[in-house]
Amino acid sequence: MKISSVCPYCGVGCGIELVIEDKKVVEVLPKKDHPVSLGKLCVKGATLDKAINSPDRLTHPLARKGERFERISWDAALATIAKRLNGIRQTYGNNAIGIFASTKCTNEENYLAQKFARVVIGTNNVDNSTRLCHAPTVYGLYGVFGSSAMTNSYEDLEQADCILIFGNNPAVSQPVAFERFLNCRKHGGKIAVIDVRKTKTAEKADLFIRINPNTDAALIAGMIKTIIREKLEDKKFIKKRTKGYDEFLKSLEKFDLRDVSRITGVKLESIQRIAVDYAKSDKAAIVLGMGITQHVNGMETVQALADLALITGNFGRPGTGINPLRGCNNVQGACDMGCLPNVYPGYASLTAENIKRFESLWRAKRLPVSKGLSLMEMIEGIPERILGLYVIGQNPLLSFPDTNRVRKNLENLQFLVVQDIFLTEAAQLADIVLPAACFAEKTGTITNSERRIQLVRKAVEPPGQAMEDWMIIKLLAKKMDHNFRYNSTEEVFDEIRKCVPTYSYVSYKKLSKAGLQWPCDKKHPMGKRILYDKDFGPKGNRAVFYPVSYIAPEALDHAYPLVLITHRILEHYNAGSMTRRVKALNKAKPQAFMSISKVDAKKLKIKDGERVKVISPFGEVKIKARISDRVSKGVVSMPNHYAEANANKLIPSILDPISKIPAYKYCNVKIEKIR
Ligand code: SF4
């Protein structure tokens, strides 16, 4: 028997078929004719059955007894959680509790997680791991267009004359989407890559420009200035469909092209070439990733990229737009569902009118009105402001910055619940651990990077007593005297349709074949492939130009003279809790490594393959050095999937002041030999 579903790893959303024998998933096959993946899968998707069937899966609720865990019943686990969370609420108030929702869970589960936070607990302290990857995109593009999603589709990008990939390495992070981008060459399209590292994507590009770390906004300003100087801007589009142009032009005055070249390390001719190539292309698309977003000024850089697309009128047509590729399967959906501390479902802001609407929809009294805390703010608020945390499908001990501090803070909580499919590093600190079902053991919807809402279908039963996340939340709400009356995820989805306007015309039936791309509403009952063809959504006809600002990275501390950049590799995913349990993937990439340039290796007398210590003001990691031309002088890089060489131990918890993303892509370090 074969059951159709969707790969649960990255945001591409490839179609898969789960082959079932003896009530087990025995193989995962690519789904032929799937509109996203066209019958392809990367190595992670193709080995999913090994992660699903891992003997390490959690099978029973666990309660901490001193240094150990012991199995307890579901009833006892939920009763303990209800009692402890209620105790904290009574003593310290509702806002002493935080909920971490998950980009790995379905829309229905995320919807219930935020409803649990708001209705049952009475707090807006709910956030999801988009905060760690694409929060600047969510905040930045929302300001420009009134929506933060990918404007176009993978299908469109195949039609582009020029794809500008900025700070993203889709050849390893979203490989099946990247293969589709390469199809643009069939009609003469070109791919240009701008990155600090010479990535696998850069190797396959027609043009690669290496840039100094965290100088992207300066380069974008230089490109825009070039386009204006060459009179390549789309004046008609600017006049008809944008506002804020004059102020934006003024913001460019402070950028001198020679300075831009010096700051970015990019030759003047290269700035000129890439700007002209992009502006002269009839259909030019921008693809961006975490190289752009994971900085303290990530939001401004995203807005500068939107300016670049606006000035050339690259919107509303195939092969154009601004396209953030998501790292996790349901980044888009978790945000659409309102798992954010400043908005309710459908990005409804915290106005009295919206709160009243949700009070009526949810038959709830006095929903919380003030903005809640973001993920890192909740961690930093322990123990003064936050005393209890309910963590669903996240592993802050590996994926958050400054993990030594995260551990200390989690240890200071009065009560920690972790709900996951494995006993992760964070779960090992919990008071109660709840065993969750994985994607193959549940039905629901997820929304990929190109806004495609797709069905995942239950193919097998969860192991032991593990349970679907939505069911766990429903039962916990019941223990806390709230009746979430849903008998299926389809019933949850019917409620989502009433709360999230862009999902209002979606139904499970309509999704059954190939999913639908939102907005799926009265105007577009079967969804929409390209945004902003006629107007700019909630912003009406006009998108907003934002002034370009560039803040130079802080001067390097002499004690820590190198810049560390974290990155992904093809074989592993996020904190590695699934992929590192797959033998074939672990065999292919068993060990973490630090890439260092020949020049720096020579200066530090480091040999290829030698183990070294990477030290930042926040921690140190022992790791094998790899001399490589992927990084230039002054830069080192490390993948972020390995618990035993956890790169995030080194990363400071400095946040972008608005989007609150940590600066994963700029960390001062020094390297020492291990004697
Ligand atoms: Fe899964 Fe992403 Fe690979 Fe597709 S590209 S198989 S969604 S990890």
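**Why these words? A cavity and some helix pairs**

Modeller: The second largest cavity has a volume of about 80 Å³. Please remember that this structure is a predicted model.

Colleague: What makes a space a cavity, and not a pocket?

Modeller: A cavity is a place where a 1.4 Å probe fits but cannot get out, whereas a pocket is open. A search of the whole structure turns up four cavities of 30 Å³ or more.

Colleague: Which residues line the second largest cavity?

Modeller: The lining is made by Cys7, Tyr9, Cys10, Cys14, Leu41, Cys42, Lys44, Gly45, Pro175 and Val176. Helix 1 (43-46) and helix 8 (175-182) each give at least two residues to this lining.

Colleague: How do you know which class each lining residue of the second largest cavity belongs to?

Modeller: Lys counts as charged and Gly as polar, so Lys44 is charged and Gly45 is polar. By class, the lining has eight nonpolar, one polar and one charged residues.

Colleague: Let's turn to helices. At what angle do helix 4 and helix 22 pack?

Modeller: Helix 4 (residues 107-121) packs with helix 22 (residues 469-479) at an angle of about 15 degrees, and their axes are 9 Å apart. Angles under 35 degrees count as roughly parallel, so helix 4 is roughly parallel to helix 22. Their crossing is left-handed.

Colleague: Which residues make the contact of helix 4 and helix 22?

Modeller: Helix 4 contributes Glu109, Leu112, Ala113, Phe116 and Val120, and helix 22 contributes Asp469, Trp470, Ile473, Leu476 and Ala477. Glu and Asp count as charged, so Glu109 and Asp469 are the two charged residues here. The other classes in this contact are eight nonpolar and no polar residues.

Colleague: Why are helix 10 and helix 16 called roughly parallel?

Modeller: Helix 10 (residues 216-229) and helix 16 (residues 298-311) pack at about 15 degrees, with axes 9 Å apart. The cut-off for roughly parallel is under 35 degrees, and therefore this pair earns the name. Helix 10 passes helix 16 in a left-handed crossing.

Colleague: What makes up the contact of helix 10 with helix 16?

Modeller: From helix 10 come Asp216, Ala217, Ile220, Met223, Ile224, Ile227 and Ile228, while helix 16 brings Thr301, Ala304, Leu305, Asp307, Leu308 and Ile311. These residues divide into 10 nonpolar, one polar and two charged. Asp216 and Asp307 are charged because Asp belongs to that class.

Colleague: Why are helix 10 and helix 12 called roughly perpendicular?

Modeller: Helix 10 and helix 12 (residues 245-252) pack at about 110 degrees, with their axes 10 Å apart. Roughly perpendicular covers 65 to 115 degrees, so helix 10 and helix 12 fit that word. The crossing of helix 10 and helix 12 is left-handed.

Colleague: Which residues of helix 10 and helix 12 make that contact?

Modeller: Ala221, Ile224, Lys225 and Ile228 of helix 10 meet Tyr245, Phe248, Leu249 and Leu252 of helix 12. By class there are seven nonpolar, no polar and one charged. Lys counts as charged, so that one is Lys225.

Colleague: Now the backbone. What kind of peptide bond joins Ile382 and Pro383?

Modeller: A cis peptide bond, with omega about 0 degrees. Pro383 sits in the loop between helix 19 (375-380) and strand 16 (388-392). Trp518 and Pro519 are also joined by a cis peptide bond, with omega about 10 degrees. Pro519 is in the loop between strand 21 (516-517) and strand 22 (543-544).

Colleague: What is phi of Tyr347 near?

Modeller: Phi of Tyr347 is near 60 degrees, a positive value in a residue other than glycine. You will find Tyr347 in the loop between strand 14 (343-344) and strand 15 (348-349).

Definitions and conventions
Residues are numbered from 1 along each chain as its sequence is written. This is a predicted model: local features need pLDDT of at least 70, side-chain atom pairs count only at pLDDT 80 or more; totals for chains, interfaces and linings use all residues. Side-chain values use heavy atoms; hydrogens and water are left out. Axes are lines fitted to C-alpha atoms, for helices over the stretch in contact, and angles run from 0 to 180 degrees between N-to-C directions. Helices (H or I, at least four residues) and strands (E, at least two) are DSSP runs, numbered from the N terminus. Angles under 35 degrees count as roughly parallel, over 145 as roughly antiparallel, 65 to 115 as roughly perpendicular and the rest as oblique. A crossing is left-handed if the near helix is turned anticlockwise from the far one by less than a right angle, and right-handed if clockwise. Contact means heavy atoms within 4.5 Å. On a 1 Å grid over the protein atoms alone, a cavity is a set of points where a 1.4 Å probe fits but cannot get out, and a pocket is an open set with protein on both sides within 12 Å along at least five of seven lines; lining residues have an atom within 4 Å of a point. Grid points are joined across faces, edges and corners, and a volume is the space filled by probe spheres set on the points.
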